[in-house]
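Please explain how two parts of this predicted model are built: a pair of packed helices and a pocket.

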Amino acid sequence: MAAFIRLRRLGAVAAVAGGSYFTIVSNPPIAFSDRGGTLTDIKQKIADPFAIVPSRAVQESALIGSSAANPLDILVVGGGATGCGVALDAATRGLRVGLVEREDFASGTSSRSTKLIHGGVRYLEKAFFNLDYGQLKLVFHALAERKQLIDNAPHLCHALPCMTPCFSWFELVYYWAGLKVYDLIAGRGLLHLSRYYSAQESVELFPTLARKGKDRSLTGTVVYYDGQMNDSRVNVALACTAALAGAAVLNHAEVVSFLRDEGTGRIIGARIRNQLSGNVFDTYAKVVVNAAGPFCDSVRKMADKEAKQMICPSSGVHIVLPDYYSPEGMGLIVPKTKDGRVIFMLPWLGCTVAGTTDSNTDITMLPEPHEDEIEFILDAISDYLNVKVRRTDVLSAWSGIRPLALDPRAKSTESTSRDHIVCEDFPGLVTITGGKWTTYRSMAEDAVDAAIKSGKLSPANKCMTSTLQLLGADGWEPASFTILAQQYKRMKMSYGGKVVPGVMDSTAAKHLSHAYGTFAERVAAIAQNENLGKRLAHGYPILEAEVAYCARHEYCESAVDFIARRSRLAFLDTDAARRAVPRIIEILAAEYKWDKSRQKQELQKAQEFLETFKSSRNAQFHDGKHN
């Protein structure tokens with residue numbers, strides 16, 4: 001059976017990677033008229049090695065094709081984790097679904113997360129000390145969702161051991177006992193058991209951890225497990241999986257106004273502007289789901305100018321440091337620093353991500369980290385490390401906006417919730433907001449349930465997403481990269497125009513396997529057959545072939561789409577991303593037949609985007625502390 005699947009995949013690779021758009025499709029995307037089917041049927045369609053996502057033009061035509069007499073069941077506004085989760089959930093229930101996103105999939109909060117898939121150790125602590133059953137329930141729920149997310153996208157998600165340093169025996173017993181309760185609550189969703197390590201064992205596992213600090217010595221550590229992910233690539237996988245399941249998903253398409261029933265005033269659709277072509281069209285739907293994250297209030301105010309605010313935005317800043325700050329495969333989390341905040345350092349895609357802050361902010365399209373927030377993170381981690389922490393080591397720094405949901409019954413904003421809220425405060429518009437990345441799937445399920453009730457819809461199936469693997473997950477194994485290393489070469493075009501063969505080294509093979517899962521062979525075939533095997537940036541395994549693949553199969557419409565959401569180069573190393581942009585634009589221009597004017601525009605937009613990432617190059621000031 002495995003050999004048969006392998007042969008089918010090889011056939012699919014040969015079919016889809018031979019040229020820019022020449023494809024052979026055994027099973028076309030599910031048509032609006034052919035919805036439903038069993039879980040097995042839907043899984044087979046998504047796992048099909050010949051699967052090709054519908055083109056952008058096809059998706060736009062499906063949205064335009066709706067009418068007042070023949071509306072979609074659900075139109076989703078917002079292409080983040082929750083919005084794409086809603087589209088996938090609804091499509092697999094046999095509903096007719098459309099989704100529009102003003103920018104790109106995961107362009108907001110969903111690409112700027114902590115990268116952790118977690119139950120919430122701090123929520124557990126609050127639950128016990130405040131006797132808060134709601135917080136405890138949130139931990140139970142998030143731990144169950146954590147395991148499902150890792151199982152449904154194993155190439156993009158994995159278990160990560162996290163070390164908690166303790167500087168007294170009381171701290172050690174306290175954290176050991178608390179994390180054992182965390183293990184117990186996880187139940188069948190347990191990743192690995194937590195355990196104690198002595199101070200000597202701890203520094204062997206985490207060499208940069210300081211044994212002695214300011215008036216304190218390391219007693220030992222407790223290591224527990226949570227999950228880690230490549231957040232924006234999970235989001236893109238959700239969008240593409242939803243498209244294969246039959247949803248019409250369209251990025252770079254903005255809702256400019258709502259359509260209303262003249263008699264009842266109920267919302268029956270939206271007027272949409274294609275941001276790339278300027279085309280404006282109407283899409284009709286029985287229910288509109290507002291999943292716009294931090295921007296959900298602005299969507300609600302399109303329906304009702306007097307709508308009360310639901311979002312209390314909070315800024316979370318993260319910085320990226322070189323890999324030597326943390327060992328591969330071990331994170332460091334301090335649940336409570338000297339000023340009561342959480343601080344962490346986690347290995348991520350060959351670098352170290354550190355954070356985070358939690359402060360009030362304004363809602364903007366491109367939030368920027370403040371220098372004092374970056375300095376706070378550097379100060380905090382330096383208390384626990386035996387290496388010099390330098391501002392010049394910051395490869396990238398970004399800010400994300402958490403859409404904390406306000407409890408409508410709360411008298412003040414202190415009661416903001418980390419849980420999600422689903423409401424229909426205007427007929428025909430269901431809003432889903434709050435929550436966190438880990439629980440996106442159950443949030444989507446709740447939103448679809450509310451939409452079904454609001455629109456009196458008739459789904460063919462119950463919710464299927466708890467065991468539905470995302471695109472690229474079916475048949476993927478940690479050793480899958482060896483196929484790429486053994487059977488493909490990286491054909492590179494030299495500056496003189498000569499084609500030079502190169503080895504598909506294990507670093508590049510592992511990167512492709514983890515980023516694209518079982519579809520990595522398609523990318524490798526492009527690298528080999530189209531002479532796009534060169535790395536885009538020195539020191540990073542991201543290949544030129546990925547740009548072409550993402551343009552053809554992942555709705556990558558701009559240079560920013562690629563450096564921020566398809567690859568993670570902007571988040572990993574802002575300066576490397578800046579140097580890679582001209583070549584990325586060159587490849588996209590060949591794919592989309594861009595003229596010189598469009599290429600110049602792309603370069604300008606990419607430069608403006610990267611200016612919001614505060615690497616050491618564009619630091620606003622140095623105070624001398626971390627030079």
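Helices (H or I, at least four residues) and strands (E, at least two) are DSSP runs, numbered from the N terminus. Axes are lines fitted to C-alpha atoms, for helices over the stretch in contact, and angles run from 0 to 180 degrees between N-to-C directions. The model is predicted, so local features need pLDDT of at least 70 and side-chain atom pairs pLDDT 80 or more, while totals for chains, interfaces and linings use all residues. Residues are numbered from 1 along each chain as its sequence is written, and side-chain values use heavy atoms, without hydrogens or water.

Helix 19 (residues 574-592) packs against helix 20 (residues 596-610) at an angle of about 160°, the axes lying 10 Å apart. The two are therefore roughly antiparallel (the term for angles over 145 degrees). Contact (heavy atoms within 4.5 Å) involves Thr-574, Ala-577, Arg-578, Val-581, Ile-585 and Ala-589 of helix 19, and Gln-599, Glu-602, Leu-603, Ala-606 and Leu-610 of helix 20.

Next comes the pocket. On a 1 Å grid over the protein atoms alone, a pocket is an open set of points where a 1.4 Å probe fits, with protein on both sides within 12 Å along at least five of seven lines; lining residues have an atom within 4 Å of a point. The second largest pocket has a volume (the space filled by probe spheres set on the points, which are joined across faces, edges and corners) of about 1,100 Å³. It is lined by 38 residues, of which Glu-328, Trp-348, Leu-349, Gly-350 and His-514 are closest to its centre. Helix 14 gives the largest share of this lining, six residues. At least two lining residues come from each of strand 4 (157-166), strand 8 (220-229), strand 15 (343-348) and helix 14 (506-516).

Methods. Angles under 35 degrees count as roughly parallel, over 145 as roughly antiparallel, 65 to 115 as roughly perpendicular and the rest as oblique.
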